[in-house]
Amino acid sequence: QNTPHPSDGWSGDTNAWDASRYFRSLVVKISNMASESATSALRRLEANPELKSYREDILHALSKQQQRRRDAEYDRPNWSKTVAALTNGAPATASDLHAVLVAHMLDRKKQIERENTDPYKMFWNLDKYSRPETPRPEEACRDHLVTLMRPSLAPLGITIEPEGHMVADKRADIAASAIGAKVLCELKRDYHAEVWTAISEQLERFYTPDPDAKGFGIYCVFWFGQKRSQSIPAHPRGLSRPNSASEMERMLKDELSEDVKRRISILVIDVSGEI
């Protein structure tokens with residue numbers, strides 16, 4: 001077990017706290033390596049139930065190691081690619097791809113929420129009078145979003161597909177790729193049981209560490225409003241449930257560290273039709 005040094009003094013070098021200190025020093029040494037194998041080693045340690053008492057130390061080391069690896073693997077584009085990216089051409093790096101995807105997704109968000117042809121209804125099962133009745137399954141919502149985004153991304157050489165296969169046999173909801181880079185998107189309906197934790201437990205844990213993603217990702221939530229079939233899960237820190245899409249987006253962003261905010265974007269799309 002993770003044993004701290006006693007406060008009343010100690011002697012020798014074969015105590016439980018000496019073993020704990022030695023183990024933590026090895027974890028730090030691994031975190032100083034900027035390789036994929038170091039990432040995998042720390043993930044195996046974090047998943048080992050026998051090391052539960054060291055989990056916070058390991059997670060901290062993993063976060064530092066991923067940052068070090070991103071810096072080491074940073075792809076520097078040449079001038080022609082840079083100029084193309086700055087003139088709204090094809091993205092030159094993973095960060096460019098991420099920025100382009102966020103910009104286009106914000107455009108689709110505005111279209112879904114405001115267009116007078118009521119595209120928000122695509123996310124609902126409708127009654128015989130074309131009135132929203134119940135939310136559509138998550139996969140159907142994802143497919144509609146992909147369909148809306150493809151026409152504007154294709155001219156930039158960006159392909160966007162549902163269900164990108166990831167490590168540990170996991171599947172990201174959306175995978176967008178270009179120039180050898182990849183950005184993964186995780187989608188949730190606002191009443192999903194893991195809506196508050198999916199950023200850390202899915203997107204950060206399994207998707208953004210992908211070497212082609214360079215740490216970038218997008219988390220998107222569909223806000224169904226008062227007609228949703230279930231209540232929004234309680235906030236893990238006991239905060240009041242949000243009353244609007246913008247409030248939920250702010251609450252989700254507030255849970256992120258500054259480092260994560262630079263790499264992961266959060267969007268909550270209002271498909272309630274109540275605006």
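**Close-up views of a pocket and a cavity**

**View 1. The largest pocket holds about 610 Å³ of space.** The pocket belongs to a predicted model. Its lining comprises 23 residues, and those closest to the pocket centre are Leu59, Ile199, Ser200, Glu201 and Glu204.

**View 2. Four helices each supply at least two residues of the lining of the largest pocket.** They are helix H2 (36–47), H3, helix H7 (198–207) and helix H9 (258–263). Which helix gives the most to this lining? H3 does, with six residues.

**View 3. The lining of the largest pocket includes nonpolar, polar and charged residues.** Charged residues number 10. Eight residues are nonpolar, and five are polar. Glu201 and Glu204 are among the lining residues closest to the centre of the pocket.

**View 4. The whole structure has one cavity of 30 Å³ or more.** The largest cavity holds about 90 Å³ of space. Which residues lie nearest its centre? Gln66, Arg69, Arg70, Thr208 and Pro209 do, out of 11 that line the cavity.

**View 5. Helix H3 (residues 55–72) gives the most to the lining of the largest cavity.** Its share is three residues. H3 also gives the most to the lining of the largest pocket, with six residues.

**View 6. The lining of the largest cavity has five charged residues.** Four residues of this lining are polar, and two are nonpolar. Arg69 and Arg70 are among the residues nearest the cavity centre.

Definitions and conventions
Residues numbered from 1 in each chain as written. Predicted model: local features only at pLDDT ≥ 70, side-chain atom pairs only at ≥ 80, totals over all residues. Heavy atoms only, no water. 1 Å grid on protein atoms, 1.4 Å probe; cavity = no way out; pocket = protein on both sides within 12 Å on 5 of 7 lines; lining within 4 Å. Points joined across faces, edges and corners; volume = space filled by probe spheres on them. Nonpolar A, V, L, I, M, F, W, Y, C, P; charged D, E, K, R; others polar.
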